[in-house]
Amino acid sequence: MKMTLSFKINGIVCLVVTCILLISGAYEVNQVQSQLEAELHKELSDISERVGNSLVYPIWSLDEEATGELIRAEMGNKNVSAIIVQYTHDDTIFGKMRTPQWSLTDVNQLVPIPSFIHQKFPLYNKKKKLGTVEVHLTDKFMGEQIKKEIAKVATRVIVLLIAILPILAVLLQFLIIHPIKALTQNAEIISAGNLEESLETIRRDELGILARSFAKMQQAIRIKMNELQASELRLRQVFDLVPFPIFAKDDQGKFLLVNSATARLYNAQEEELLGKHQLEVHQQPEEVAKFLQDDQEVIESGQSKKILGEIFVDHRGQEHILQIHKMPFDLPEGKAALGIAVDVTELKRTSEALNQLNQQLEERVKQRTAELEEAKEEAEKNAETLNIYAREMELKNVELEKARQDADAANKAKSQFLANMSHEIRTPMNAILGFTELLNRQISDTLQKEYLDSIQASGRSLLTLINDILDLSKVEAGKLELEYNVFNPHIVFEEMQQIFSHKLTEKGLDFQINIDPELPNALLLDEVRLRQILLNLVGNAVKFTESGYIRLSVSKQSTKMDHSQINLNFSVEDTGIGIPEDQLGAIFRAFQQQKGQDINDYGGTGLGLTITKRLVEMMGGRIFATSQLGVGSRFHVVLEKVDVAVSVDPQESQKTAMDVDLVQFKPATILIVDDIETNRKLVKEFLKPYDFDLLEAENGEDAVLMGRAHAPDLILMDIKMPVLNGEEATKLLKADANTQNIPVIALTAAGMKQAENDFLKVCDGFLRKPVNRVQLIRLVSSFLEHHYHGDSLTEAKSTEEPTAKEALLPQFNDQQRLLELHHILEEESVRWEMLRQVLVIPDIQQAAIEVAELGLKFEYPALEKWGQDVHAQASRFDIETMQNTMMRFPEFLKTIRTLLR
């Protein structure tokens, strides 16, 4: 039987009221009983005293008749049950007691006498004991009186219950039950999805507070639902804007998720594909079987898989070569395989054509060389034919020159092709990575974040592949130029541990750095390429090592008496899977990987070591490897005759990163020029939080006209555009006296160094696509007036800013305050070490707020900004960056200790 809330509350109230009334009645009866007992005890005392006084003479004189009369007179009291006299001289018993029928009977001997209370006392006459008297009282009449009192109390309780309970029921119904029923009905309405019906919230008690809380919750749910719908719409728009096919299938081969690019591949609408088996829309059963096998493998293993060179025949019968990245994916419908495909048909065909052309040219050169050798031999044998030979040689030289020109043309075609491919791939990648970065800051739904993370991871993988191919092609074509600069090698080598700290911690690897203490603090080398070499070698060591350690060793050997040059030697040693001895030479070849290496476990393009070897050789060095299978590997790099430079200040050599969330710009007008609307929309979203007036142009000609008409403060210029490209438009703007001082930042998808140098000749700044928010804001801040939260307005390129060293110090010099701050930071250092180990995000956020307030209180901007940085990184769950930032906390304590000394 289901009991309602009304029944339960009324039952409880009835029970409570009844218990209260019964307890009060029981107390009252108890009081009456106590009073009656007290009266009986007093009555016993009075009777005993009276009997004792009146019986002394009759007992002394042995007058039993007088004694009997006196006893009968006292027995007239109904509460007396017996009076017994015992004579001392002969122990004779004499007295009266009541029978069960309440009549009097004589007592001649000692017998049990039922009584409630009794008293026995001696009788004396002039100090001579005459005998003893016992007086017994009964509680029979007291019990009857108590029963009457109980009946009276019970009657009163019943009357009060009958009078009070209906009133309480009505009050409960009005004050509690009816409001609770209303709240219950409203809760059922909300749970049914009706978020529009308003709730009654006029009450001012706890139920009113609960009703208002329901109303606030209803409004919050309605807002969140609207935000979720808008977020899903934006995500779907981005999903459909991606030019690559993206799809998800279950383990049965049914489509659960598709974008517009996938639908176009099957010449169908997205709704037509959803829920259908791939066999229903794909006419090649063999291909479908291969696709399903890959899907099953990904779903069952839970591991990603890259499929290079997958053949796909579309609805028109045309064959495509796809590079597909499949990964496990959880959807509400169940486990699935998410796939992202890139059509590389034209790229592969062009590459094959170039390879074929190179082979033909090499064969022609070999053939001509052989013919020349043969002609030379003939000439030596026959002097008479020397002139003929000379003429033939001249002709052959002409042919060789033509062959060389053909080879140069082929290389130029290859470079142009790679540049075009870079532009065509980087342009959509700019939208993919840019919009996913924007959405990642707005979306909190876990499933949607998984979608975005998958898209971002695949985009970064494609970008890495493009960069590797471009680097290799530039090295092969001799277009890669080293840029030598003075830098501190200690910083470059030591930052490897920080860069790979997340992976090292994740795998439990020990990272050891052994740097020669006599290594100079300043060398003249290409710092970027040296860092690229280290990243490739250390990255490979981390990738192929599951346990043990990774050791980076650095040493130097002076080559001149004045120590102005050194041989820089460094090695990366690991305890990983090792390399067979017969494959040590092959690992440095392009697209070559160790035999048996599972691409699903280790991935990679096979270009990292090839590029590393070419870079080392360009620096005048050499690289080689030693390894033992199953024990580990060691890669040695020797860079010869490296110039030692004048030492640089380590503080000044470190590049400070600007937190774009703290910067505030002065109002300004920015012109965004790009022929692709998606790119313009992305840049506008990046600049939306700031006080900018944003203008748009679709080509260079419109940009020139709008630049002259509006005179913007800054122009963001795409390079490759129709009508008039960005380079030509910039030249026209710079040639006009009214617009020549407007700074122009080039945003381009070009991947070649020469193109970058050409742009910088006419533009004031340069960013390569895909562009992220931090890169864009940092570069924009170089040209527009801005300030940070709590700072005064700062002119771009101001020469009055404090040095990096001064920015790290407190803005006061009070020793007492420094001591107080030192004591607080010592306690905080213990707390932050514990937080860095347990990584409880809410605790880190609260602690970061407290540190920022501490920096504000003690006029210590660097400490305040550190707390703001940690809070921002924790809020967006950027764990790796947050851990690196948290590791810098002891530097503040060290700085204060230095000031105290």
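Me: Which handedness does the crossing of α26 and α27 have, left-handed or right-handed?

Reply: Happy to start there, with the reminder that this is a predicted model. The two helices span residues 841–857 for α26 and 861–875 for α27. Their crossing is left-handed.

Me: How is α26 oriented relative to α27: roughly parallel, roughly antiparallel, roughly perpendicular or oblique?

Reply: The axes of α26 and α27 come within 7 Å and cross at roughly 160°. Angles over 145 degrees count as roughly antiparallel. Therefore α26 is, relative to α27, roughly antiparallel.

Me: How many nonpolar, polar and charged residues are there in the contact of α26 with α27?

Reply: On the α26 side the contact includes I841, I844, A848 and V851. From α27 come residues such as L863, E864, W866 and H871, among others. Sorted by class, the contact residues come to 12 nonpolar, six polar and one charged.

Me: Is V851 buried or exposed?

Reply: V851 sits in helix α26, and its relative accessible area is 2%. Buried means under 20%. So V851 counts as buried.

Me: Which residues does V851 touch, not counting those up to four places away in sequence?

Reply: One of them is L863, 12 residues apart from V851 along the chain, with the two C-alpha atoms separated by 7.0 Å. L863 also belongs to the α27 side of the helix contact. Leaving out residues up to four places away, the full set for V851 is E828, W832, L863, W866, G867 and F889.

Me: What is the orientation of α19 relative to α23?

Reply: Helix α19 covers residues 677–687 and α23 covers 773–780, and their axes are 10 Å apart. The packing angle is about 70°, and 65 to 115 degrees counts as roughly perpendicular. So the orientation of α19 to α23 is roughly perpendicular.

Me: How many charged residues are in the contact of α19 with α23?

Reply: α19 passes α23 in a right-handed crossing. V683, F686 and L687 of α19 meet R773, L776 and I777 of α23. Five of these residues are nonpolar and none is polar, while the number of charged ones is one.

Me: Where does G548 lie?

Reply: Two elements frame G548: helix α15, at 527–543, and strand β14, at 549–558. G548 belongs to neither of them, but to the loop between α15 and β14.

Me: Which residues does G548 touch, not counting those up to four places away in sequence?

Reply: G548 is partly exposed, with a relative accessible area of 38%. Its C-alpha atom is separated by 7.8 Å from that of D574, 26 residues apart along the chain. Beyond four places in sequence, G548 touches G508, L509, D510 and T575.

Me: How many disulfides does the structure hold?

Reply: Cysteines here include C19, partly exposed at 35% relative accessibility, and C763, buried with a relative accessible area of 7%. A disulfide would need a pair of cysteine sulfur atoms within 2.5 Å. The count of disulfides is zero.

Me: What percentage of contacts between residues at least 6 apart in sequence join residues at least 24 apart?

Reply: For the wider picture, the protein chain has 29 helices and 24 strands. Of its 901 residues, 41% are buried. Among contacts between residues at least 6 apart in sequence, the share joining residues at least 24 apart is 64%.

Notes:
Residues numbered from 1 in each chain as written. Predicted model: local features only at pLDDT ≥ 70, side-chain atom pairs only at ≥ 80, totals over all residues. Heavy atoms only, no water. Helix = DSSP H or I, 4+ residues; strand = E, 2+ residues; numbered from the N terminus. Buried < 20%, exposed > 50% of the residue type's maximum accessible area, 1.4 Å probe, protein only. Contact = heavy atoms within 4.5 Å. Axes fitted to C-alpha atoms, helices over the stretch in contact; angles between N-to-C directions. Parallel < 35°, antiparallel > 145°, perpendicular 65-115°, else oblique. Left-handed = near helix turned anticlockwise from the far one by under 90°. Nonpolar A, V, L, I, M, F, W, Y, C, P; charged D, E, K, R; others polar.
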